[in-house]
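Please open the model in your viewer and follow the selections below in the order given. Each stop names what to select and then describes what is found there.

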Amino acid sequence: MSDDAIQVSGVVKRYGATTAVDNVSFNVAQGEFVSLLGPSGCGKTTTLRMIAGFVEPTAGALRVNDRDVTHLPPEKRELGFVFQNYALWPHMTVAENVGFGLKLRRKSRTFIREKIAESLSVTGLSGYEDRLPRQLSGGQQQRVALARALALEPQVLLMDEPLSNLDRALRVTMRRELKELQARMKMTTLYVTHDQEEALSLSNRVVIMNKGRVEQVAAPYELYENPATSFVADFVGITNFLEGSAVGVDGGSMGVRLRSGQVLRAVAKTAVTPGAEVRALIRPERVTLTTKPVDGENVLSGQVILSEYFGAVLRYSVRLDGGEILRAEVHNFDNFVETGAKVWICVLPEHLRIIPQE
Ligand code: ADP
Ligand code: MG
């Protein structure tokens, strides 16, 4: 017995010479919200469609609620789907759209009426029963699509970029509504998105994909603070990469010798061998920046080449004395530093990660 609602094991999908999905494995626990995150074309939709049963895997196995569904047709998998283009039937009312799946399953009229009312209520659409899709806003149409999936009471809900056709303000509102709804209904959800903000804010865990492969599976905090690869660090948030070679430093911890010869001490989460070519990762918001000379460990000096004011935050591009450009982001209660100023930047070892160069 497994507690997982979804288990994806070594799944591969090839289209001729193209490998769309390349040996992907991950699981989704009961009640968990997991996102598949990655750039366009990395294989997210193909992975989701294999789980749904619309695409046959070339290899690998899929289990839903501990049942092997690899070769079952979609309707036997007890999954709900919400897609990017809501795919509502234009000639049917909201209530008819939501009840259609139940009608196909030959449920009683009373049962269907109850389920429609319930699904419209949880999605905030009570009162819209008799509208046609074209009489609704994009956000409302998307909620109808969600209500239609919920009406079938799926054990697991699969969503493919459900918010990406909405404008930004609506997307943020719908994102919050979705999070509340999922928390309330404790529904197992697998959510596909290319939007890191959506993935980080909605998910218990995120599966980061790149070129058909899984780069990392981790909770949002882990992903951001301890990216396993340069790809993850670059895709999730903004990161400075400083290239150098790994060195052992006092006390058994790791360091990176920059091109300038300067050594920075860091926390290495993955094993790196001394001498190996590595990258030091520094998040822009993890540095302190001052115009007063500072002495000591992990201090870099340079000159501000671009200074930007954004109200709540101040952003700087600094050309380090070693030649690299480092981006820094500080809160507005620090003093604004003008372009051209000489600055000192401190990074605590625990905020500096070393990863191997790929
Ligand atoms: P994503 O959803 O992450 O944008 P997809 O899963 O849609 O990525 O696509 C992954 C790769 O597989 C892409 O290179 C895409 O062109 C290819 N692909 C997807 N579906 C097909 C198909 N039916 N036939 C051929 N190639 C496909
Ligand atoms: Mg897609």
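Two strands are said to pair if DSSP finds at least two bridges between them. That criterion applies at the first stop of this tour through a predicted model.

**The hairpin of E9 and E10**

Select strand E9 (residues 205-210) together with strand E10 (residues 213-218); the two run antiparallel and are joined by 5 bridges. Between the strands of this hairpin lie 2 residues. Lys-211 has a positive phi there, near 50°. At the end of the ladder, look for Asn-210, whose bridge partner in E10 is Arg-213.

Now add strand E3 (residues 33-37), which pairs with E9 in the parallel sense over 4 bridges. Which residue of E9 stands opposite Val-34? Arg-205 does. While the strands are in view, recall that in a regular strand the side chains alternate between the two faces of the sheet.

**The surroundings of ligand 1**

Next, select ligand 1 and display the residues around it: Tyr-15, Thr-18, Ala-20, Gly-38, Ser-40, Gly-41, Cys-42, Gly-43, Lys-44, Thr-45 and Thr-46. By class, this shell consists of 3 nonpolar, 7 polar and 1 charged residues. Strand E2 (18-29) and helix H1 (44-52) each contribute at least two residues to the shell, and H1 gives the largest share, with 3 residues.

**Helix H2 and its cover**

Move to helix H2 (residues 94-104). Its buried residues are Val-94, Ala-95, Asn-97, Val-98, Gly-99 and Leu-102. Show helix H3 (109-122) and H4 as well, since both are included in what covers these buried residues. After H2 comes Arg-106, a residue with a positive phi near 55°.

**The largest nonpolar core**

Which residues have the most contacts inside the largest nonpolar core? Select Ile-51, Leu-158, Leu-190, Ala-280, Ile-345 and Ile-354 to see them within this core of 87 residues. Helix H4 (residues 138-151) supplies the largest share of the core, 7 residues. Both domain 1 (4-233) and domain 2 (238-356) provide at least three residues to this core.

Centre the view on Ile-345. Apart from its neighbours within four places in sequence, Ile-345 is in contact with Val-287, Leu-289, Val-299, Leu-300, Gly-302, Val-318, Leu-326 and Ala-328.

**Between the domains**

Colour the model by its domain assignment, with domain 1 covering 4-233 and domain 2 covering 238-356. Their C-alpha centres are 39 Å apart. Across the boundary, 6 residues of domain 1 are in contact with 8 residues of domain 2. On the side of domain 1 that touches domain 2 there are 3 nonpolar, 3 polar and no charged residues.

**A loop residue: Glu-338**

Select Glu-338, in the loop between strand E18 (325-331) and strand E19 (342-347). Is Glu-338 buried or exposed? It counts as exposed because it has 10 C-beta neighbours inside 10 Å. Add Leu-306 to the selection: the two residues are 32 residues apart along the chain, and their C-alpha atoms are separated by 8.0 Å.

**The whole model**

Finally, zoom out to the whole protein, whose secondary structure comprises 8 helices and 20 strands. Along the principal axes, the C-alpha atoms fill a box of roughly 75 × 45 × 35 Å. Of the 358 residues, 37% are buried. Among contacts with a separation of 6 or more, 65% join residues 24 or more positions apart.

Definitions and conventions:
Residues are numbered from 1 along each chain as its sequence is written. Chains are lettered from A and ligands numbered from 1 in the order in which they are written. This is a predicted model: local features need pLDDT of at least 70, side-chain atom pairs count only at pLDDT 80 or more; totals for chains, interfaces and linings use all residues. A residue is near a molecule or strand if its C-beta atom, placed from the backbone, lies within 6 Å of it. Ala, Val, Leu, Ile, Met, Phe, Trp, Tyr, Cys and Pro count as nonpolar, Asp, Glu, Lys and Arg as charged, and the others, Gly among them, as polar. A residue is buried if 20 or more other C-beta atoms lie within 10 Å of its own, exposed if 12 or fewer, and partly exposed in between; C-beta atoms are placed from the backbone. Domain bounds come from an automatic or database domain assignment. Two residues are in contact if their C-beta atoms, placed from the backbone, lie within 7 Å. A nonpolar core is a set of buried Ala, Val, Leu, Ile, Met, Phe, Trp, Tyr and Cys residues joined through C-beta atoms within 7 Å.
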